[in-house]
Amino acid sequence: MCVIYSLCLSLHYFSSRRSFGAQKEQIFMTKVKMSWHSMYKSSKFRHVYGKAGSREQCYEGIPITHSVHDNHFCAVNPKFLAVVTESAGGGAFLVIPLHKPGRIDPHHPKVCGHQGSVMDIRWSPFMDNIIASSSEDCTVRIWQIPDGGLRRNMTEALMILIGHSRRAGLIEWHPTCSGILLSAGYDCKILIWNLEEGVAVKMIDSHPDVILCMSFNTDGSLLATSCKDKKLRIIDPRSGKVLQEADCKSTRVNRVVFLGNLKRVLTTGVSRWNTRQIAFWDQEDLSAPITEEEIDGLSGVLFPFYDADTHMLYLGGKGDGNIRYYEVSPEKPFLQFLMEFRSPAPQKGLGVMPKRGVDVNECEIFRFYKLVTLKGLVEPISMIVPRRSETYQEDIFPMTAGTESALSAAEWLSGIDRGPLLISLKEAYKRPNPAGLRASKRDRRTVKGIDLLENITPNTDKELLKMVFKQQDEIRKLKDELGEKDERIRQLELELKNLRNT
């Protein structure tokens, strides 16, 4: 009897252990499923893929610069592609109409007014024919490119901005004001230029070493910088006051970018173990990063590109052949890896098409222009959301920044901040065609008695540029006045309706 009793106890013990183990396994699998769902949440951008352009869509035969400066050397907008080239006796860059891919003539006209090598080029986000360039000759120059492109070498700039004592390495346009431009030089100073007057209105000298990167927030009220002294700074650009500062002793911060309206900043750099990493920061508290993530052990500078419309982050390294992309969220997990575009050809730099220039019919949400120095090639790379429908997809193309300036230089300098004026890619954006541009120039002559295109006889190109900025300001004020009158009309109609009801 004792033996039978002990056998029953043993069987009961093992059966209870088995059921307890099954319960633990079930709980564990439930937790795994929950964590899996939290990590891999559904996203409309989950299956975005990169598509390299065909040979007919590439630009070949371009003598891309051999400069070792860590910059993109490429700028693009819906009308033109600009590439810094190798040249003797000064700096130069090519400007190619975007609709003319193929092999470029070796004697293609260039913009060659600088006395030293060109270090950075940026198209104006408001005027597709205006481009700024900085050079080793310590100057920043503003150029106006004809609609059809260059027919001969351009040596005369619209405006020459002189203020740096050493080479000017970086330039950055204000995101909402067409008359403000920033430049950073190897003299460790940032100059704020009022292009409506052609003068420097502010000098920021809070950096003890060379400035590596600058980035505006969405409305241009804050400026983030990375410096060779391993510090990340958030600066009020109008006063020059440093609002936040992070001392990154264990890492070397190279590039910084504001993440739209999330009140977050992302940096790329090198960790203490010489691995490339990215860090996620709160712009109001830089005491410590929110999260850090190591990428790989390569040595090239990692360039971040953020798309505020889709909340997607793209990482492309200098000398790499791949482009990683993530989805950014304000809560954990802050960065969700999506996929990686791979290519065997290393990239020297990457130009980014503004959102108003992407092909919405192909569900293209982002487009790079990749510089391949060994082949003298510029290759477009499209980031596409796979959709079967060929119609406009409103859910992946929200309202985006247009070409209209939100405020004048004087208003911004006085302390006014405004976000970008948004447009719909479905209604507001149309592909440029020369005939339509010529017609619009003939038709758009007067607005409320203000002559915009006729009776303007500027003596110099500088006066012409000033008139362009002035006309933009007048048009913006007239639109504001029209909006106020529309609101007044609605109020009067409501009062009239109330009187009739009584």
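These notes cover salt bridges and a few individual residues in a predicted model.

1. **Salt bridges overall.** The model holds 27 salt bridges. Three pairs are taken up below, followed by two single residues.

2. **K231 and E245.** The side chains of these two residues form a salt bridge, with N and O 3.4 Å apart. K231 sits in strand 18 (residues 231-235) and E245 in strand 19 (residues 242-247). They are 14 residues apart, and the pair links distant parts of the chain. K231 has a relative accessibility of 23%, so it counts as partly exposed. E245 is also partly exposed, because its relative accessibility is 40%. The cut-off for buried is under 20%.

3. **A network around this pair.** K231 and E245 do not stand alone. Salt bridges link D229, K231, R233 and E245 in a network.

4. **D320 and R276.** Here the side chains meet in a salt bridge at 2.6 Å, N to O. The two residues are 44 apart in sequence, and the pair links distant parts of the chain. D320 lies in the loop between strand 25 (312-317) and strand 26 (323-328). R276 belongs to strand 22 (residues 276-282). Both D320 and R276 are buried.

5. **K485 and E481.** This salt bridge lies within one helix. Both residues are in helix 4 (residues 461-501). They are four residues apart, about one turn of the helix. The closest N and O atoms are 3.4 Å apart. K485 is partly exposed, because its relative accessibility is 48%. E481 has a relative accessible area of 29%, so it too is partly exposed.

6. **D307.** Is this acidic residue buried or exposed? D307 is buried, because its relative accessible area is 5%, and the limit for that class is under 20%. D307 is part of strand 24 (residues 302-307). Its side chain makes a polar contact with the side chain of K355, at 2.9 Å. Leaving aside residues up to four places away in sequence, D307 touches M312, Y314, K355, I365 and F366. K355 thus appears both as a polar partner and in the list of contacts.

7. **G198.** This glycine is in the loop between strand 14 (190-194) and strand 15 (199-204). G198 has a relative accessible area of 15%, so it is buried. Which residue lies 7.2 Å from G198, C-alpha to C-alpha? The residue is M159, which is 39 residues away in sequence.

Technical notes:
Residues numbered from 1 in each chain as written. Predicted model: local features only at pLDDT ≥ 70, side-chain atom pairs only at ≥ 80, totals over all residues. Heavy atoms only, no water. Buried < 20%, exposed > 50% of the residue type's maximum accessible area, 1.4 Å probe, protein only. Polar contact = N/O pair within 3.5 Å; in protein donor to acceptor, adjacent residues only side chain to side chain. Contact = heavy atoms within 4.5 Å. Salt bridge = Lys/Arg side-chain N within 4 Å of Asp/Glu carboxyl O.
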